[in-house]
Amino acid sequence: MTDSAQSLRIRWQEALVAARGGDGGPDPSPYADNLLERWAEPQRRYHTIAHLAAVLGHIDTLAGHAADADAVRLAAWFHDAVYRPDRSENEERSAVLAERALPEAGVPAATTAEVARLVRLTVTHDPAASDTNGEALCDADLAILAAPPKEYAQYAARVREEYGFVPDEAFREGRAAVLRQLLELPRLFRTPHGAAEWETRARHNLATELELLTH
């Protein structure tokens, strides 16, 4: 097991134990192993264990904004746990996985429901103004958009690899539509940190990628 995987297993245990209110309950390890296996599937190029680790790191930065940071962390673990680039129901299937696994792992019903709700929210990344958990998760998931130019270019290339089954012209059209939709949003980031630290750079990256795709 790599150091990163071991570190993630520890993080999973900490979030799960906190969410269920203590050490009593099933061993967290098999659940971590199952999720890490999912995140390491061969069809993934961007939605990998590295992405999971990055999102969890961003949640650490945003944790003070969330009403329940541990629920947000669990949602990060599940938000792309089911991922097939050629299917559109990934978020729903990931939420259902959470609804099945978390009660078995000893997580209370209310927290399980919140985790599943947060996973489903990543379809739109459009949390309500009062939804601090949703704002934290969505900002953490989208933080890659504000990466330095070289890292952003690697992200864009990996997304293209995940959609390798799509012809170039169709991919360019579809990706450009996604980028325009993002740029038309009044705000990409909803947390104070995200708005202050990530918004301007993300918009520059998106506009640059759109320019490269369409010219």
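## An all-helix predicted model, from the surface inwards

The protein exposes about 10,400 Å², and carbon and sulfur atoms supply 53% of that area. Keep in mind that this is a predicted model. As for charge, there are 23 positive and 34 negative side chains. The centres of those two sets lie 3 Å apart.

Now for the fold. The secondary structure comes to 11 helices and 0 strands, so reading along the sequence you get the pattern α-α-α-α-α-α-α-α-α-α-α. The radius of gyration is 17 Å, close to the 17 Å that the globule rule gives for 215 residues, so the protein is as compact as a globular protein of that length. If you want a box for the C-alpha atoms, take roughly 60 × 35 × 30 Å along the principal axes. Buried residues make up 49% of the 215 residues. Contacts tell their own story: among those between residues at least 6 apart in sequence, 63% join residues at least 24 apart.

Helix 6 is a handy place to zoom in. It covers residues 109–121, which is 13 residues. From its first C-alpha to its last, helix 6 reaches 18 Å, close to the 18 Å expected at 1.5 Å a residue. Its buried residues are T111, T112, E114, V115, A116, L118, V119 and L121.

After helix 6 comes a loop leading to helix 7 (132–142), and H125 is found in that loop. What is the phi of H125? It is positive, about 50°, although H125 is not a glycine. For background, most residues other than glycine have a negative phi. H125 counts as buried because its relative accessibility is 18%, and the cut-off for buried is under 20%.

Moving on into helix 7, you find G134. With 0% relative accessibility, G134 counts as buried. Leaving out residues up to four places away in sequence, G134 touches R117, L118, L121 and P127. Of these, L118 and L121 are on the list of buried residues in helix 6. G134 and R190 are 56 residues apart along the chain, and their C-alpha atoms are separated by 9.2 Å.

L62 lies in helix 3, which spans residues 49–62. Is L62 buried or exposed? It is buried, with a relative accessible area of 3%. Which residues does L62 touch, not counting those up to four places away in sequence? The set is A136, D139, A140, T191, H193 and W198.

I10 gives another kind of setting. This residue sits in helix 1 (residues 3–19), and at 43% relative accessibility it counts as partly exposed.

Here are the C-alpha separations for three residue pairs, side by side.

| Pair | Apart in sequence | C-alpha to C-alpha distance |
|---|---|---|
| I10 and R84 | 74 residues | 27 Å |
| L62 and Y31 | 31 residues | 25 Å |
| G134 and R190 | 56 residues | 9.2 Å |

To pull the burial values together: G134 is at 0% relative accessibility and counts as buried, L62 is buried at 3%, H125 is buried at 18%, and I10 is partly exposed at 43%.

Definitions and conventions: Residues numbered from 1 in each chain as written. Predicted model: local features only at pLDDT ≥ 70, side-chain atom pairs only at ≥ 80, totals over all residues. Heavy atoms only, no water. Helix = DSSP H or I, 4+ residues; strand = E, 2+ residues; numbered from the N terminus. Buried < 20%, exposed > 50% of the residue type's maximum accessible area, 1.4 Å probe, protein only. Rg over C-alpha atoms; globule rule 2.2 N^0.38 Å. Contact = heavy atoms within 4.5 Å. Areas by Shrake-Rupley, 256 points an atom, 1.4 Å probe, with all protein chains shown as cover. Lys, Arg positive; Asp, Glu negative; His and termini not counted. Charge placed at Lys NZ, Arg CZ, Asp CG, Glu CD. Expected span 1.5 Å × (residues − 1).
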